[in-house]
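I opened this notebook page to look up aromatic contacts. The entries follow the order in which I checked them.

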Amino acid sequence: MAHPILAGGPGEKHLLLGNEAIVRGALEAGINVVTCYPGTPSSEVPDTFHRLKDGSYYFEYSVNEKVAMEVAAGAALGGAMTLVTMKHVGVNVAADPLLTMTYTGLPGGLVLLSADDPGCHSSQNEQDNRYYARLAGMPCFEPASAQEAKDMTREALHLARRTEQPVMLRTTTRVNHLRGPVAFDVRPEPAAIVDFKRDPRRFVPVPAVARVRHGELLKSLEAIREVAENSPWNVVRGEGKVGIIASGIARSYLADVLAEQGWADKVSVLELGMSWPLPVKLIGDFLKSVDKVIVIEELEPLLEKEIRAMVHEMGLSLPVHGKCDYLTVQGEYDTTAIQMALAEHLDAQPVSPVCNEGDLGLPVRPPNLCAGCSHRAVYYSVRQLFGDDAYYSSDIGCYTLGILPPLKAADFLFCMGSSVSSGCGFSRSSGKDVVAFIGDSTFFHSGMTGLVNAVFNKHNVLLVVLDNGTTAMTGHQLNPGVDAKVLGDACVHLDIESIVRGCGVTEVAKVKPFNLKATMKTFEEMKGKTGVRVIIAEEPCILYARRTLKLNRPQAAYVAEQGAETDRVLNEYACPAFYRDETGVQVDESLCTGCMVCMQISKNFKARKRSA
């Protein structure tokens with residue numbers, strides 16, 4: 001039976017994740033092509049497209065965001081209605097083609113899903129990609145519910161095709177991961193492919209062409225501004241003299257606060273669901289109708305600054321409030337922050353008190369490598385040999401959790417693929433030994449270029465490719481290194497060792513991390529050499545091995561003898577399957593994966609057949 005996202009008919013309601021609603025919206029627009037690089041909080045969008053493939057659209061996991069953007073741009077140039085998805089930092093990678101394709105325009109229509117992450121739930125920064133909408137010249141939609149996520153995706157794709165201008169769908173973690181009712185509309189046949197008409201004076205942006213196309217982009221944005229002025233996503237509610245202008249998920253928080261506190265009659269609200277280009281006339285009329293304005297937007301004060309400029313240009317003596325003690329540039333908003341800010345500006349006492357749970361005394365549980373993760377075995381081996389004498393350049397992936405003690409295998413990190421290049425720079429300037437770590441998906445994403453540079457410039461670095469056979473951190477998506485049997489006929493497996501040797505590296509070795517003796521011997525041999533050296537540590541992600549490869553080990557570890565040696569293993573290896581009770585150190589068989597690394601570290605650990 002077909003999944004409701006594919007087969008659901010008009011009028012039906014389904015409970016969907018925001019990300020699933022985006023998929024349905026694209027299908028209702030008649031999507032032809034979807035490309036991506038997976039990254040939380042966007043990952044469920046491409047994963048759902050991949051899982052539901054029914055032949056009506058083309059889908060691919062691209063090797064990085066720049067490639068995903070270029071494939072998508074080519075598809076839209078070739079006439080396909082196209083969606084490209086990534087997390088906010090991925091747009092940095094994709095910015096080069098992005099800022100040119102808005103000049104040329106794309107006849108088939110292209111929407112970029114940029115999933116921002118206020119609060120750094122799964123990211124290295126909190127950047128606000130509404131800046132990219134302004135920088136690149138892209139109309140921007142900001143949904144605040146699952147229903148809006150579906151409807152705005154469809155509208156954004158239609159607008160992109162109608163105007164031939166790329167459009168941004170900017171979400172945040174709370175929108176991507178909320179779950180809400182979604183009313184379906186008709187799912188049409190896939191959109192017709194638009195014939196490509198050769199026009200080098202438009203599509204080949206040499207300087208003379210680019211100067212002209214920039215002017216065309218500005219004209220197009222002015223025309224689209226009229227769309228924003230009349231957009232159903234930009235609405236005014238209420239008749240109070242205190243004005244509130246809100247965008248993104250803050251609109252939902254605001255609605256909750258006004259309903260709960262009974263303040264709706266005290267304010268007028270302008271909701272901006274299509275937040276760029278600014279609907280200047282709509283905002284101007286709103287400003288004239290109120291005595292003061294509060295701007296509510298997560299992260300950067302973009303709207304606030306633009307509203308302040310409009311107030312000045314209009315000659316209004318209107319106070320504009322925004323980022324302050326409660327509404328800050330940093331982190332996510334919530335109903336508490338908005339309630340406190342409004343209470344101050346409305347000179348009102350909250351009907352219900354602010355919820356403050358305080359310290360509940362719950363234990364703190366930091367993110368941790370899984371029990372049986374082969375990265376732990378690699379880090380243990382490296383620490384045994386190098387200790388604090390080497391410096392550890394890390395990268396983006398599960399293995400970044402090597403930062404935690406007792407492993408302590410991450411000293412610095414910048415972005416995807418940076419471990420190789422930044423490790424080389426650190427070694428060159430400091431004269432220190434560097435061990436760099438990179439995952440298989442990250443190696444294909446942007447590690448290869450750094451490796452080529454290292455060989456070319458004769459850097460001194462030991463690179464460890466942690467090849468667990470999948471894109472583990474974001475949900476086991478495909479990458480070029482995934483086992484050929486799993487890929488099937490859809491994709492081609494690429495061998496990391498062949499690529500490394502093809503880049504000119506001569507000192508290359510493979511290890512199986514769960515064989516500690518052989519692994520440590522290999523590291524010791526590489527430690528005695530200089531130049532660019534690569535060790536490929538091959539072992540499937542334990543979760544992937546169980547769920548996809550159907551691999552399970554029949555044995556589990558147990559503690560045969562207590563004592564200082566057993567405590568040492570607990571303290572130095574720190575597998576999550578270890579725990580301590582009144583009798584000493586124990587192994588939780590339900591968590592133990594049977595890797596038996598602990599047994600290789602100490603004879604106090606033994607193996608036995610799992611309980612029935």
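Which residues form one aromatic cluster? I looked this up and found that Tyr379, Tyr392 and Phe437 make up one such cluster. I note that the model I worked from is predicted.

Entry on the pair search. I searched the whole structure for aromatic pairs, and the search returned ten. I took up Phe49 and Tyr57 and read a distance of 5.2 Å between the ring centres, with the planes at 80°. Planes over 60 degrees apart count as edge-to-face, so I entered the pair of Phe49 and Tyr57 as edge-to-face. I then looked up burial and recorded both Phe49 and Tyr57 as buried.

Entry on a tilted pair. I next examined Tyr391 and Phe426, an aromatic pair with 5.3 Å from centre to centre and 45° between the planes, and entered it as tilted. I placed Tyr391 in strand 15 (residues 390-393) and Phe426 in helix 16 (residues 418-430), so this pair ties together parts that are 35 residues apart in sequence. For accessibility, I noted 29% relative accessibility for Tyr391, which counts as partly exposed. I noted 26% for Phe426, which also counts as partly exposed.

Entry on charges over rings. I looked up Arg376 and found that it lies over the face of Tyr573, at 6.0 Å from the ring centre. I also looked up Lys527, which lies over the face of Phe386 at 5.2 Å from the ring centre.

How values were computed. Residues are numbered from 1 along each chain as its sequence is written. This is a predicted model: local features need pLDDT of at least 70, side-chain atom pairs count only at pLDDT 80 or more; totals for chains, interfaces and linings use all residues. Side-chain values use heavy atoms; hydrogens and water are left out. Rings of Phe, Tyr and Trp (its six-membered ring) pair if their centres lie within 6.5 Å; planes under 30 degrees apart count as stacked, over 60 as edge-to-face and the rest as tilted. Buried means under 20% relative accessible area, exposed over 50%, partly exposed in between (1.4 Å probe, protein chains only). Helices (H or I, at least four residues) and strands (E, at least two) are DSSP runs, numbered from the N terminus. A charge sits over a ring if NZ of Lys or CZ of Arg is within 6 Å of the ring centre and within 35 degrees of the ring normal.
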